[in-house]
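Look at the sequence and the structure below, and work through each exercise before you read its solution.

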Amino acid sequence: MHEQWERRSQGEGSKGQRAYDWTWFEVTLPGQIPADGFVHQLLIRRSTEKKQLADGRVDFEYAYFLVHAPAADPVTEAIVRAGVRWKIEENNELAKQITGLGQYQVRRWTSCHRHVTCAMLALAFLTVQRARHPEPEPDPPGQRASPDPADEGKAQEGSVKISVKPITGLLAS
């Protein structure tokens, strides 16, 4: 193993660029031959600073990624793809909050599969609707229009009211 680390960004995070130190090298996996034109690589991510770890030690935090990628792909591609996991985690958390992804009791595979499918479908639908109908810019202070009492309780034009239970009924049969 070589001890060359390169500092690269894994993408934009909530606190700015997520920079880590990276090293990688080709590996041979017993009993697993890479596809033609592909290689197995071990990609290692290390925190840029030492941190207090759970066992009380102070050391770098490491993450490991086993990559099966075209031999010609630059390592930058693998780093970007490793960063996608972060976005998947954010989306799952959002689905738990908005569409009730975590609000089920697993009794049977079929019901669990339907609930997860329904929750993710609802999240995809809401994401598309939000992209199509962005929130309007807020009015400058002092220029806010007073709400019309006759409009209270009415849906805004183009908006869709949605809840998880009616959608789960669609997949129940």
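The exercises that follow deal with confidence, strand pairing, the nonpolar core and one helix.

This is a predicted model, in which local features need pLDDT of at least 70 and side-chain atom pairs count only at pLDDT 80 or more, while totals for chains, interfaces and linings use all residues. Residues are numbered from 1 along each chain as its sequence is written, and side-chain values use heavy atoms, with hydrogens and water left out.

**Exercise 1.** Find which elements have the lowest and the highest mean pLDDT.

*Solution.* Begin with the term: pLDDT is the predictor's confidence in each residue, from 0 to 100. The elements are DSSP runs numbered from the N terminus, helices being H or I with at least four residues and strands E with at least two. For the chain, the average pLDDT is 80, and 80% of the residues score at least 70. Among the elements, helix α3 (residues 164–170) has the lowest mean, 57, whereas strand β3 (residues 38–46) has the highest, 93.

**Exercise 2.** Describe how strand β2 pairs with β1 and with β3.

*Solution.* Two strands pair if DSSP finds at least two bridges between them. First, β1 (residues 6–13) and β2 are antiparallel, with six bridges, and a hairpin of two residues joins β1 to β2; here Glu-12 stands opposite Gln-17 in β2. Next, β2 and β3 are also antiparallel over six bridges, and Thr-23 has Ile-44 in β3 as its bridge partner. Finally, eight of the 11 residues of β2 (residues 16–26) are buried, where buried means under 20% relative accessible area, exposed over 50%, and partly exposed in between, with a 1.4 Å probe and protein chains only.

**Exercise 3.** Work out which elements each supply at least two residues of the largest nonpolar core.

*Solution.* A nonpolar core is a set of buried Ala, Val, Leu, Ile, Met, Phe, Trp, Tyr and Cys residues joined through side-chain atoms within 4.5 Å. The largest one has 12 residues, among them Trp-22, Phe-65, Val-67 and Ile-79. At least two residues of this core come from each of β2, β6 (62–70) and α1 (75–98).

**Exercise 4.** Decide whether Gln-103 is buried or exposed.

*Solution.* Gln-103 lies in the loop between α1 and α2 (109–132). Because its relative accessibility is 63%, Gln-103 counts as exposed. By contrast, the buried residues of α1 include Val-75, Ala-78 and Ala-95.
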